Number of protein chains: 2
Amino acid sequence: MIQTPYLLFLGDAPDQLAAKVAQGIKDWRPDNAVGQYRMPGCGADVGIADMTLQEARAAGAKTLVIGVANRGGVISVAWKEVLLQALALGFDLASGLHNLLRDEADLVAAAKTHGRSLFDVRVPSVAYPIANGVKRTGKRCLAVGTDCSVGKMYTGLAMDIEMRKRGMKSTFRPTGQTGILITGGGVPLDAVVADFMAGAVEYLTPDNDPDHWDHIEGQGSLFHVSYSGVTMALIHGGQPDALVLAHEPTRKHMRGLPDYALPRLEALRDMVLPIARIANPACQIVGVSVNTQHMSQDAALAYLAEVEGRMDLPTVDTFRQGAARLVDALEGI
Amino acid sequence: MIQTPYLLFLGDAPDQLAAKVAQGIKDWRPDNAVGQYRMPGCGADVGIADMTLQEARAAGAKTLVIGVANRGGVISVAWKEVLLQALALGFDLASGLHNLLRDEADLVAAAKTHGRSLFDVRVPSVAYPIANGVKRTGKRCLAVGTDCSVGKMYTGLAMDIEMRKRGMKSTFRPTGQTGILITGGGVPLDAVVADFMAGAVEYLTPDNDPDHWDHIEGQGSLFHVSYSGVTMALIHGGQPDALVLAHEPTRKHMRGLPDYALPRLEALRDMVLPIARIANPACQIVGVSVNTQHMSQDAALAYLAEVEGRMDLPTVDTFRQGAARLVDALEGI
């Protein structure tokens with residue numbers, strides 16, 4: 001686990017989008033972030049206090065999280081100075097960058113000198129077991145999408161927060177870099193070796209109280225030929241009790257695959273349920289989560305109502321409407 | 001690619017089963033093996049000439065293949081002497097052992113000294129791309145099983161040999177250690193990182209002549225929760241035109257999963273076809289391959305006839321009957 005709370009490093013992010021990891025931490029786990037660190041020329045602002053490294057340490061920050069995409073795939077000299085100083089001041093460093101902290105000799109040396117840790121969350125740090133398929137105690141919910149990047153992580157985070165507001169037992173279980181940085185732990189599933197994918201998900205969602213819900217972060221799509229194997233391992237390793245179907249209705253084709261049309265929600269429903277019931281015969285589809293960000297409010301509400309009628313399932317946009325109706329649907333399971 | 005032909009190293013194999021990789025090479029690619037090397041106490045014999053290292057080199061052998069499982073997970077001192085001598089005589093070494101040749105400092109040093117290569121076929125040697133899903137030319141056939149280890153590799157090898165006997169264009173495409181050692185190349189799919197599984201299968205089965213068939217080695221099962229993600233990536237990366245359903249009717253539960261019953265062939269058919277048609281809308285199920293090794297001849301033939309009637313598909317045991325009827329079914333595609 002990465003030590004919290006964090007100082008969010010925005011560096012010289014050119015715009016707000018480049019700082020989306022930092023924004024996610026601030027939105028979903030505000031208690032995890034004491035402040036943000038911005039360099040000259042930074043075009044992003046996640047809306048918390050600007051702090052120097054020293055101020056953040058004094059405020060209790062334990063880890064500097066690189067909450068920004070870097071340019072050109074290199075960790076720049078300007079960043080390096082800040083990162084080295086942070087290590088000297090007692091920060092650990094955490095990053096989801098493609099180029100790894102551990103591949104930077106000066107950072108490795110400074111971490112060793114100061115007794116600090118470098119967390120590259122793209123790389124598995126555990127030797128995961130092969131899945132054994134044994135039924136685990138506690139409940140699990142998984143969002144499965146008609147495509148990649150349709151709001152599965154957002155749905156899981158929103159359901160987790162809604163449950164905790166209600167005093168229910170709930171944990172969000174990240175399976176990707178952003179989710180891992182938001183919560184401080186998880187499994188970078190797309191980087192796990194094939195034989196151990198389902199076992200990594202079992203490891204991520206262990207036995208728990210009978211009334212505890214894990215919200216497992218979804219990945220990929222059964223209909224996305226590049227990543228469907230990862231989705232399959234999530235379903236069989238996660239052995240979910242409840243599935244939420246996730247969809248983005250304005251997309252013209254599968255993400256990155258111009259020759260592949262998106263499936264209808266009915267096709268996803270009909271494919272995923274028999275697959276999920278191999279690992280958990282009691283699995284049910286409890287609702288639909290639609291990302292309507294590219295639709296007007298009126299068009300969005302009309303679409304949600306149409307899908308709800310067609311699918312006979314609670315259908316919401318968790319960004320516009322919250323996850324209350326999806327959590328209601330779980331309460332009966 | 002591993003250089004052929006081979007000398008098959010049986011070492012001190014306690015019994016015939018321990019030498020199944022060597023047996024597979026001898027059975028399926030007899031031209032790839034000039035002889036076998038057996039140490040004192042070896043209890044296996046794959047039925048080809050015993051040779052010394054020198055005799056095998058004189059007969060043209062380029063690679064010594066460790067065609068045997070080792071005991072206790074270590075490469076013994078007794079083996080080492082032979083392997084070091086082989087490197088000095090100009091052999092490359094190839095192995096599918098869990099403990100890697102490359103982790104043995106003395107073998108690495110000797111290979112360097114003598115300019116030889118060490119092939120650990122459990123480890124990917126290529127940076128595979130992410131799958132792009134683009135339709136490829138040529139035809140592809142994949143066996144999918146109700147469980148792991150039900151005869152998928154055997155089915156693919158038998159269909160490949162039958163096609164080549166008929167003068168058809170055909171290639172067996174290995175996705176596991178044994179298949180890679182048999183043919184000299186392939187993708188160790190269970191060791192590939194999740195994001196690149198489907199891309200590795202695309203890499204393995206590139207564009208080809210319109211009348212050429214790739215027989216892709218199947219892995220795992222959609223119904224085996226430990227490995228179903230690998231199977232999914234094979235189906236979507238392989239974009240097969242034809243599927244053969246593989247089954248072992250005497251098994252009491254899914255391999256290694258005592259709480260999981262085997263699915264019926266009908267359930268596999270109904271699940272796999274919509275999945276396969278995402279990547280290749282023309283995909284068809286062409287036949288059933290049953291491993292009846294644990295049944296009497298009479299019981300086997302009766303079972304095959306019963307399945308053929310029930311499934312309305314050519315149904316054979318490729319070991320007892322060859323793959324002719326399965327290849328017949330491909331000729332129309």
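This passage describes the predicted model of two chains, A and B, from its overall scores down to single residues.

The structure is a predicted model, with an ipTM of 0.94 and a pTM of 0.95. The mean pLDDT of chain A is 96, and 100% of the residues of chain A reach a pLDDT of 70 or more. Where pLDDT is low, predicted coordinates should not be read in detail.

The relation between the two chains was examined by superposition. Two copies of a chain are related by a rotation about an axis and a shift along it. Here, a turn of 180 degrees with a shift of 0.0 Å along the axis lays chain B on chain A, with an RMSD of 0.1 Å. The two copies are thus related as by a two-fold rotation axis. Of the interface residues of chain B, 100% are also interface residues in chain A, so the copies meet through the same surface.

In the UniProt record, an unreviewed entry, residues 130–327 of chain A are listed as "domain: D-glutamate N-acetyltransferase-like C-terminal". This span of chain A is 39% helix and 16% strand, and the C-alpha atoms at its two ends, residues 130 and 327, lie 32 Å apart.

Two open sheets are described for chain B. One of them consists of five strands in the order 2-1-3-4-5, with parallel pairing. Its edges are formed by strand 2 (33–38) and strand 5 (118–120) of chain B. Each of these edge strands has a single partner strand, so one side of each is left without a neighbour in the sheet. Neighbouring strands of this sheet are turned against each other by 20 degrees on average, direction ignored. Within the sheet, strand 1 (residues 6–11) of chain B pairs with strand 2 of chain B in the parallel sense over five bridges, and Phe9(B) stands opposite Tyr37(B) in strand 2. Helix 1 (residues 20–28) of chain B lies across strand 1, strand 2 and strand 3 (63–66) of chain B. The direction of helix 1 is at about 150 degrees to strand 1 of chain B.

The other open sheet of chain B has six strands in the order 7-8-6-9-10-11, and its pairing is also parallel. Strand 7 (169–173) and strand 11 (315–316) of chain B are the edge strands, each paired on one side only. Strand 11 runs parallel to strand 10 (residues 284–290) of chain B and is joined to it by two bridges. Ser289(B) stands opposite Val316(B) of strand 11 in chain B. Helix 9 (residues 265–279) of chain B lies across strand 6 (139–145), strand 9 (242–247) and strand 10 of chain B, and runs at about 150 degrees to strand 9 of chain B.

Helix 9 also takes part in helix packing. Two packed helices are described by the angle between their axes and the distance between the axes. In chain A, helix 8 (residues 228–238) and helix 9 (residues 265–279) pack at an angle of about 45 degrees, with their axes 7 Å apart. That makes helix 8 of chain A oblique to helix 9 of chain A. Helix 8 of chain A contributes Met232(A), Ile235(A) and His236(A) to the contact, while helix 9 of chain A contributes Val272(A), Ile275(A), Ala276(A), Ile278(A) and Ala279(A). In chain B, the axes of helix 8 (residues 228–238) and helix 9 come within 7 Å and cross at roughly 45 degrees, which makes helix 8 of chain B oblique to helix 9 of chain B. The contact in chain B involves Met232(B), Ile235(B) and His236(B) from helix 8, together with Val272(B), Ile275(B), Ala276(B), Ile278(B) and Ala279(B) from helix 9.

Backbone geometry was also examined at individual residues. In chain A, the peptide bond from Thr4(A) to Pro5(A) is cis, with omega near 0 degrees; Pro5(A) is placed in the segment before strand 1 (6–11) of chain A. In chain B, a cis peptide bond joins Thr4(B) and Pro5(B), with omega about 0 degrees, and Pro5(B) is found in the segment before strand 1 of chain B. Asp312(A), a residue other than glycine, has a positive phi near 55 degrees. Asp312(A) is located in the loop between helix 10 (297–311) and strand 11 (315–316) of chain A.

Key
Residues numbered from 1 in each chain as written. Chains lettered and ligands numbered in written order. Predicted model: local features only at pLDDT ≥ 70, side-chain atom pairs only at ≥ 80, totals over all residues. Heavy atoms only, no water. Pairing = 2+ DSSP bridges. Helix = DSSP H or I, 4+ residues; strand = E, 2+ residues; numbered from the N terminus. Contact = heavy atoms within 4.5 Å. Axes fitted to C-alpha atoms, helices over the stretch in contact; angles between N-to-C directions. pLDDT = per-residue confidence, 0-100. UniProt positions renumbered as here; feature names shortened; annotations may be inferred. Least-squares fit on C-alpha atoms with pLDDT ≥ 70 in both. Parallel < 35°, antiparallel > 145°, perpendicular 65-115°, else oblique.
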